[in-house]
Every structure is written in C-alpha cells, then in structure tokens.
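Biologist: I would be grateful for a close look at one part of this model. Please describe how one pair of helices packs together, and then place that pair in its surroundings.

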Amino acid sequence: MSPLEENSVLVSVQNLHKHYGDLVAVRGLSFDILQGEVFGLLGPNGAGKTTTIEIIEGLRQPDSGSVRVCGLDSRQESMALKERIGAQLQSTVLPDKMRVDEALHLFAGFYRRSASVHLLLERFGLVEKRRTFFENLSGGQRQRLALALALVNDPELVLLDEPTVGLDPQLRRDIYALIERFREEGRTVLLTTHYIEEAERLCDRVAIMDRGQLVALGTPRELIARSGQGTRLEIHLAKPVGLDRLKLIEGVIDCHEADGSYLLRAQPAAVTIAALVRFLESEDNALLDLHIARPSLEDVFVEMTGRKMEN
Amino acid sequence: MPTVRIALLTIRLVMRTKVALFFTFLFPLFFLFAYAGLIARGKPEAVAYMFGPVVTLNIMGSGFFGLGIQSVMQRERGSLRRYRLAPIGPRTMLLSNLLANYLLELPTIALLLLAALVIFHMPMKIGWATLLVLVTVGTFAFAGFGLTIASVANTMQEAQIYNNLVWFTLLFLSGVTFPLPMLPRWIQRVAMFFPSTYLVSAFQSIMAQAEPLLDHWMEMLVLVTSGVFGLLFAVRLFRWEKEERISTKAKLWSGVFVLPFLVMGFWMNTRANPTAMWARSYHVMEQAPAAGPNAEAEKVNLIENFDGTQPSEELLHRWQISTDSDVSGHSMGEISLLTPGAEGTPHAMRLQGHLAPGPNNTQGYVSARCEVQVPANSRGLGGVEFEARGEPRVYQVGFQPPYVAQSGSSSSAALTSANAPALPFPAISFVPGEAWQNVRLPVAWLANPASHGLADSPWVLEISVTGPPGEFTLDLDQIRFY
C-alpha cells in the first residue's frame with residue numbers, strides 16, 4: 001500500500017445533524033477516517049455514537065450534513081455503498097431457527113463479491129457451531145457470528161457498534177484479536193465503544209463524543225499528551241511532609257493526602273520523580289512505595305466534559 | 001436472486017417451527033374435516049361446495065397471519081435490520097415474503113384436495129389449471145390484505161386489532177363460515193363488498209356446478225387488484241425499524257385499498273345481483289345425495305333431473321315428442337331446457353305447444369317420452385315421481401313397456417300379447433299448478449319385478465296432454481323412482 005493510499009480519506013462525515021423528536025442525537029459532527037486505520041468513536045451512552053455509525057451504514061437518514069464512503073454518497077448511492085462495507089449492529093437479531101452456516105450463505109449471496117463461508121466459520125471459531133440455530137447460540141457466539149456476517153462481502157470498511165459490550169474479559173480479548181486482524185488485512189475499521197481500554201488498545205485514532213458533539217480527536221497518545229491532567233503518582237513516605245512543600249517540587253500540578261499516602265499529579269512525570277528523589281534525600285526522608293498511573297482517555301474525557309464516562 | 005434465496009430459507013424456517021407447521025398444514029385439515037363432516041355431512045357434492053370456503057379460509061389465514069402478522073413480528077423483533085445492511089431493498093423483502101407465502105400455500109391446498117378426494121370422495125369438477133388460478137389469485141389478494149395491515153399498523157397490538165376486525169368481518173359475512181343463502185338478504189348485500197365472497201362463490205360455482213372460470217373474470221380482476229394495491233402500499237410504507245412510525249395521513253391514504261371493493265360491491269348490488277347464482281350452488285349442496293351405498297341407490301333411482309354436466313341441449317336428448325300429426329292432426333309440441341329448475345336446481349324441462357282440434361272431432365294430443373331403465377333391484381320401490389308445474393290442464397303420465405308406447409297409444413291399457421303376462425300399465429292424470437308440486441305415479445309391479453320378466457328391458461315414461469284446443473306449458477323436474 002503506498003503512503004498516498006494509506007493517507008487517503010475513506011470516510012468523510014461533514015456537519016452531520018440528527019434529532020429524534022426533541023432529542024438532538026448528533027449536532028454538527030465532522031470527521032474523516034483514513035484508509036487502513038482503526039478509528040474509534042468513544043463516548044458515554046447517549047453520546048450519539050450509534051446514530052452516527054448507523055447513518056454511515058445507511059440505516060438512518062441524517063437531517064442534514066453529508067456522509068461519503070469510498071467516494072460514494074450514503075444517500076444517493078446507498079446500494080453501491082453497501083456492497084463495500086460490512087457492519088455489525090449493536091445487537092444482531094436473526095430468525096430463531098436460522099442456522100449459523102445458513103445465515104452466512106444467505107447474506108453472502110446478497111453481494112457481488114463474497115468471502116468463503118468455510119473460511120469465515122474457521123476464522124471466527126464457528127465451525128463446530130455451524131449447524132446450530134441462532135436461538136441456541138451464546139452471547140459470545142452470536143457476537144462472533146455478527147462479526148463473521150460483517151465480513152461476508154470482504155468489505156473495505158468494517159463498522160462495529162460496541163463489539164464487546166456484555167462480553168466477559170476473555171471473550172473481549174478474543175474479539176480484540178479479531179479486530180487487530182482486520183487492521184493487518186488492510187481493512188479500515190470504525191468502531192464505537194464506551195470502554196476506554198478498548199479505544200486505547202485498538203484504535204489508531206479516537207474521536208471523543210459527548211451529547212452529539214465531537215469533543216476531541218487524535219491518536220490516544222496525542223489526546224492524553226494534549227490534556228493537562230498529568231501523570232498520577234501515589235507515594236508512600238517514611239516520614240510525613242507538608243503538602244505545601246511537595247507542591248513546590250518541579251512539575252507537580254496538584255497534590256493531596258489520602259490514607260497516609262500522597263497523591264500527586266505531575267507533568268512531565270520523569271522530571272518530577274527525579275526532583276522528588278532529590279528533595280527526599282535533602283530532607284532525610286525515604287520513598288517507601290511508588291505507583292505511577294498514566295493519564296487515560298477517561299481523564300481526557302473528564303477534563304473535556306467535566307463528567308465521568310459512566311454517566 | 002436474493003428474493004428466491006430469502007423465500008426458500010423462510011420456508012425452511014417454517015418447516016422447523018412446530019407451531020407454524022401446525023397452522024400451515026394440520027389446522028387447515030381440521031377445518032376441512034369440520035366443514036365436510038358437520039356442514040356437508042360427508043356428502044360428496046356438498047363437500048365440493050364446502051371446499052371453496054375451506055380453501056378461502058386457509059388462504060385468508062395465510063395472508064393475514066402468515067404474511068401480515070409475521071411481517072410486523074420481523075420488524076418488531078429487529079431481524080429486518082440485519083437485512084437492511086445488505087444491498088437489498090424493501091421490494092426484495094416483500095416479494096420474498098410473498099413468494100414464501102405462496103409456495104407454502106400450494107402444498108396445503110394439495111393436502112386439502114387430497115383429503116377431500118380420498119376421504120370424502122369429492123367430485124372433481126374443477127380443472128387443475130382453474131384450481132391453480134383460483135388459489136394463486138386468492139393468495140395474492142389476501143397477501144395484499146396482510147401486507148396493507150402490516151404497513152398501516154405501527155405496533156403489533158395495532159396490527160392485531162386491524163387484523164381481527166377485518167378477519168372476523170370477512171369470516172362471518174362472506175360465506176366463509178355460513179353459506180350466504182342461509183343468511184338474511186341484507187347480509188348478502190353487505191357481502192357483495194367483500195373480496196372473500198367472490199373467492200368463495202367462484203370456488204362454489206366452479207366446484208359444485210362446473211361453471212367456467214371465465215364467467216368469474218370480474219371477481220378475479222377485483223381480487224388481483226386487491227393484491228396489487230396491497231403490494232404497492234407495502235412497498236410505499238415499508239419500514240425496517242420498529243421505531244419508524246407512519247403518520248395518520250398515510251394511514252388514511254391507505255383507505256384507497258378498499259376502492260376496488262366498493263366499486264365491485266356497488267356494481268354487484270345494482271347490476272349483477274349474484275344471489276341467484278349463490279342460491280343455485282347452495283341448492284346443489286342441499287340436494288346432494290349422501291355418500292356410500294345410499295348415494296348409489298339415489299343415483300340409480302334418479303331418472304332425470306336435467307342438471308348434468310353436459311351441454312344444455314344434450315340434457316334433453318333422451319326425450320322424444322310425438323303428436324297427433326301422425327294421424328293427420330295439427331297439434332304441435334316442443335321441449336326446451338328451463339333455468340332454473342324446481343327449488344333452485346340449475347335446470348328443468350319445459351314441454352310446451354298447442355293443441356289443435358283433431359280430425360273427425362277428435363281431440364288433439366302431444367306427448368313426450370323417455371326410455372327408462374328399471375333399477376336392477378327395484379324391490380321396495382313404489383313408483384315414479386316428479387316435480388311439475390304449469391297451466392291448469394289435465395295431463396297424463398304413464399309407465400309402459402316399449403312396444404305399447406310405440407303403438408301410439410297414450411291411454412292405459414291391458415297388454416294382450418300372448419307371450420307376456422297380463423299387467424296393468426299404470427297411468428294417472430294430474431293437473432299442475434303455478435308452483436312446483438310433487439306428482440306420484442304408483443307402479444305396483446316394481447315391488448315384485450320377477451312377476452312379469454320385463455324389468456330388464458327399457459320401459460317408457462310418457463307424459464301426454466289432450467283436451468280442448470289451445471296453448472299449454474308444462475315444466476318437469478326431478479323425475480325419479482320412489
């Protein structure tokens with residue numbers, strides 16, 4: 001893949017608006033997704049992530065704004081667009097008595113280009129379950145089937161709406177591995193999530209959404225670095241020391257005491273730790289324990305919105 | 001073809017669902033047994049009459065519940081959304097549902113037909129092609145109903161309400177459960193607005209009376225129109241998502257769906273008036289002979305009812321007219337086929353003409369004769385009876401050996417031939433009235449046929465008129481041994 005192609009825009013969302021009655025789901029949202037990247041829409045429930053992804057999938061019509069995918073207009077050329085994207089819905093419902101392989105064969109038959117059903121069954125660990133009715137599949141198996149269905153047409157763009165919600169940690173890791181393979185295959189992925197670690201681990205770039213608007217966009221590292229939150233340091237000292245003196249150490253932004261420990265926010269952390277060690281030596285004090293916590297996207301979200309993600 | 005793929009898979013899914021299988025195959029059979037057993041009492045001709053309502057009920061059920069409610073269920077469950085991600089449109093989804101519904105309907109009808117033919121010995125007066133056309137048109141029409149209701153209803157509850165309203169109205173007021181001729185006149189008039197009426201009555205006329213399908217082209221047209229309207233609405237108002245609602249305005253628009261039925265209803269009420277046709281089919285059912293040995297006996301005892309399936313002229317070919325012209329008189333007589341016959345049967349025979357004064361002041365006469373085979377076992381029979389009506393004149397009916405009849409005599413006489421035992425040839429006189437009335441001619445020897453040895457040869461039933469000059473008209477029907 002040439003660098004030019006790598007950087008070419010595959011999805012372009014411009015000034016998107018959507019409301020349901022009085023509820024404004026998306027207001028003035030714009031972003032681009034580059035070819036070959038895993039792009040995450042991160043935000044709490046109700047942020048407008050699902051509405052956005054469903055507009056891109058062609059399931060919903062925006063009130064205004066435009067979406068172009070692979071150079072195709074999502075409204076005017078929706079059939080041609082659907083040929084080139086694969087999607088997994090937040091909750092995929094199939095008829096109860098439909099077997100796994102029947103579903104894959106059926107949907108593969110709708111497209112001009114299709115992937116091998118046998119390979120999909122193998123790849124998503126569904127070979128043994130291929131004759132099982134949809135109603136008898138577990139949550140994880142349903143999710144794997146949904147992902148396999150998203151790939152039946154060998155799509156350029158894969159859209160995943162909360163792919164790991166409701167799954168236990170092991171299943172979640174399995175899904176992460178599958179998504180990482182999408183990237184290796186050169187597919188572009190758009191995923192929505194409200195799990196911080198999912199976005200940090202999987203996504204090349206993340207758009208943080210809140211109340212239908214974009215609040216931040218960039219790589220996870222950029223976003224964290226850009227935030228003024230600083231690294232959290234939890235220190236345990238041999239002798240107590242005044243908070244006002246700790247605050248004077250280089251790089252410390254904020255500091256308070258809790259249960260005999262001191263919690264510092266520091267930026268940059270490396271400079272602060274060196275200064276802290278020098279300070280303690282001069283005070284004839286000693287560092288008994290040290291925990292370092294890097295700032296997360298959660299911290300970025302809190303900083304941008306003043307609210308916690310779970311809310 | 002995505003349409004065919006989805007349809008075939010849908011059929012497979014139905015085959016895996018016990019409840020769906022029950023309603024698709026067993027439930028219709030249950031109705032056949034109920035109708036054929038309870039209403040038609042197992043009489044083959046009556047079963048043929050009730051077959052139409054059973055098939056119509058089944059077709060309606062598949063349209064309303066198989067297609068309509070299922071469409072709403074698919075939408076409410078959210079399984080349509082997955083299809084929406086694929087490059088297929090509402091048309092594909094609708095046509096595949098329509099196709100699956102039709103393909104599931106055919107074996108059901110075949111099963112019903114098989115049961116009716118094998119278990120109830122139903123006479124098959126309908127051609128395969130005609131049956132297929134009726135079933136296809138009917139299924140399409142009621143698919144239109146189901147799809148319209150599914151399109152208009154925003155929720156499952158709403159769909160159930162609409163469904164029940166339409167379903168029960170059609171069920172009780174269009175001959176599907178109660179034969180229309182049993183119901184008051186005003187209900188028959190209301191029934192003319194319902195498409196199910198036309199499917200039932202087309203079935204009944206064709207199945208019970210072997211009428212050609214083309215006689216029912218207008219009904220077929222209305223049914224097809226209903227299907228087309230339904231499909232158009234469904235495409236226009238199709239929704240993939242449970243949350244999508246349609247406006248009250250769009251609901252009102254769908255009232256257009258009833259237009260063809262209104263036109264048909266008015267036309268039928270003012271112009272065509274199909275009640276006589278309904279009554280004729282119903283009469284065939286009521287008069288149907290019982291199945292089994294009794295039915296055979298009924299058939300053997302029947303001499304002529306002019307209601308057979310051959311072309312109308314042929315129904316009269318057994319009859320011969322003779323008049324006094326053989327002896328240089330000038331009386332005239334002719335026979336023709338009358339529609340309808342006694343008590344609403346399809347046909348009767350009319351003997352009409354005029355009597356002229358004969359030569360030498362004798363009275364003119366006209367007679368109609370028909371050869372009759374005496375049943376092989378005539379024990380227990382009392383004579384010959386028939387229904388008659390006409391102008392109040394004196395007519396005679398006689399039952400004679402062929403050679404007596406050929407002699408031209410129309411009066412009762414004693415056989416004087418040397419090689420036959422002396423027997424009275426029964427004859428009676430009767431005067432018909434304006435209304436149909438039963439006339440009985442006792443034939444004593446029938447009870448003991450061996451006594452004269454002539455039962456094997458055909459005998460002749462002769463009906464004759466003589467008397468003052470002038471016109472005469474006599475209608476005859478339902479001639480049988482009793």
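Modeller: A crossing of two helices is called left-handed if the near helix is turned anticlockwise from the far one by less than a right angle, and right-handed if the turn is clockwise. With that term in hand, we may turn to chain B of this predicted model. Helix α6(B) spans residues 128–152 and helix α10(B) spans residues 217–237. Their axes lie 7 Å apart and form an angle of about 35°, and the crossing of α6(B) and α10(B) is left-handed.

The contact itself can be followed residue by residue. On the side of α6(B), the participants include Val137(B), Gly138(B), Phe140(B), Ala141(B), Gly144(B) and Thr148(B). On the side of α10(B), among them are Met220(B), Leu223(B), Gly227(B), Phe229(B), Gly230(B) and Leu237(B). By class, this contact between α6(B) and α10(B) comprises 15 nonpolar and seven polar residues, with no charged residues.

Chain B also meets chain A. Here 16 residues of chain B are in contact with 19 residues of chain A. Helices α1 (2–16) and α4 (79–84) of chain B each supply at least two residues to the side that touches chain A. The greatest share comes from α1(B), with five residues. That side of chain B contains seven nonpolar, three polar and six charged residues. Charged residues thus appear on the side of chain B that touches chain A, whereas the contact of α6(B) with α10(B) has none.

Chain A, the partner, is assigned domain 1 (3–225) and domain 2 (230–294). The centres of these two domains of chain A, taken over C-alpha atoms, are separated by 43 Å.

Definitions and conventions: Residues numbered from 1 in each chain as written. Chains lettered and ligands numbered in written order. Predicted model: local features only at pLDDT ≥ 70, side-chain atom pairs only at ≥ 80, totals over all residues. Domains from an automatic or database assignment. Contact = placed C-beta atoms within 7 Å. Helix = DSSP H or I, 4+ residues; strand = E, 2+ residues; numbered from the N terminus. Nonpolar A, V, L, I, M, F, W, Y, C, P; charged D, E, K, R; others polar. Axes fitted to C-alpha atoms, helices over the stretch in contact; angles between N-to-C directions.
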